[in-house]
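Work through the exercises below with the sequence and the structure at hand. Each task is followed by a solution in steps.

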Amino acid sequence: MGKRDSNIDPFNAGEPILPWQDPDSELRDDEPGERPSYEAPKRAASQDSRRRANNPDDTRKRIKSASFVTRPKTKKHPFAKIITVIVVFIVTTGLFGLHREVASKRFITSFTGFDDTVADEELDISELDEDESECLGITMSRIELMMTPGTDEHAEAVGIISETLEGQIRQNHNLSLDQLGIDRTAFAERCMESLVFSPDSAFAFPDDPEPYGAVYLDATAIDTLMLSIDFCEELEGYFEDEGISPFQGDVSLTPEQKAHVSNLLLEMADDADTFTSFARIQLHVTADGWAIDEGEYEETLRHTFQAYRII
């Protein structure tokens, strides 16, 4: 510090002179003194940054880029794939076995249509027990009666098969089989002649609380529904050529026209598509022994020949 006068009366002295106010004093670096003022720079936002801050699209992009983070993919060990295949195989095999067991005991469904030929392997009758053999015999006898003209079973089949054809014709042309000169019995028999069947299996459970049995058949026959639809299309073309308008008053075909329509139907039946199905004949126990369930039998016929009611 600079030298100062020590002979100053402290009571009469004037205002003290600070070191940096004394021109003769020499300031050290560690002593206070005037230093250049420093102002921290202010960070002003640029126009671009302000625009980005106020732009909602940019905001959405930033949120999106922060929200959807790509997760690293985990690589499965080869043994994991092998174990997965084994588990799927075991589960599939188990379900298939369960399906066969339930089908043989509780008849999952009456019919299951499939596009295939009739089974080549015939049922080994020697493996059936007494009740199963009886159920099979009753079923074969019913089919034989159905194919025999003059029986009630034959008449029932004729009515079921021809009903589909007549329903389709009434719906499309407002005419009956009789008005067209079509012999319903001849048509139904032509369809029945196409039937090819083979017994697949037979089951009987006489000791069940509600005894029942069933015979399963692989069957192929004319697809009556598709034949009826195709015939109506051909009939429409024939009516146009003949100037016949079925929906405009009563229509009366000449004998020649009826003969033409009847022959056309039988010719189409010869070349008709067939339908293959897995059919079931269900039986139950009565006071007289095993008997066919008539309600299910009718559904069997309808499904086998695709002879459904036309509403």
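**Exercise 1.** State how many aromatic pairs the structure holds, then classify the pair formed by Phe 203 and Tyr 216.

*Solution.* This is a predicted model, and the structure holds four aromatic pairs. For Phe 203 and Tyr 216, begin with the ring centres, which are 6.1 Å apart. Next take the planes, which stand at 75°. Planes over 60 degrees apart count as edge-to-face, so the pair of Phe 203 and Tyr 216 is edge-to-face. Finally, place the two residues: Phe 203 is in strand 2 (residues 196–205) and Tyr 216 is in strand 3 (residues 212–222), 13 residues apart.

**Exercise 2.** Decide whether Tyr 216 is buried or exposed, and classify its pair with Phe 278.

*Solution.* The relative accessible area of Tyr 216 is 5%. Buried means under 20%, so Tyr 216 is buried. In its pair with Phe 278, the distance is 5.3 Å centre to centre, with 15° between the planes. Planes under 30 degrees apart count as stacked, and the pair of Tyr 216 and Phe 278 is stacked. Phe 278 lies in strand 4 (residues 274–286) and Tyr 216 in strand 3, so this pair ties together parts that are 62 residues apart in sequence. Phe 278 itself has a relative accessible area of 24% and is therefore partly exposed. As a last step, join the results: ring pairs link Phe 203, Tyr 216 and Phe 278 into a cluster.

**Exercise 3.** Describe how strand 2 and strand 3 are joined.

*Solution.* Start with the direction: the two strands, strand 2 and strand 3, run antiparallel. Then count the bridges between strand 2 and strand 3, of which there are nine. Along the chain, a hairpin of six residues leads from strand 2 to strand 3. Tyr 216 in strand 3 has Ser 201 standing opposite.

**Exercise 4.** Find the ring over which the charged end of Arg 142 sits.

*Solution.* The ring belongs to Tyr 297. The charged end of Arg 142 is 4.6 Å from the centre of that ring.

**Exercise 5.** Locate Ser 228, decide whether it is buried or exposed, and list its contacts beyond four places in sequence.

*Solution.* Ser 228 belongs to helix 8, which covers residues 224–242. Its relative accessible area is 0%, so Ser 228 is buried. Leaving out residues up to four places away in sequence, Ser 228 touches Thr 164, Leu 165 and Gln 168.

Methods: Residues numbered from 1 in each chain as written. Predicted model: local features only at pLDDT ≥ 70, side-chain atom pairs only at ≥ 80, totals over all residues. Heavy atoms only, no water. Buried < 20%, exposed > 50% of the residue type's maximum accessible area, 1.4 Å probe, protein only. Contact = heavy atoms within 4.5 Å. Phe/Tyr/Trp six-rings, centres within 6.5 Å; stacked < 30°, edge-to-face > 60°. Lys NZ or Arg CZ within 6 Å of the ring centre and 35° of its normal. Pairing = 2+ DSSP bridges.
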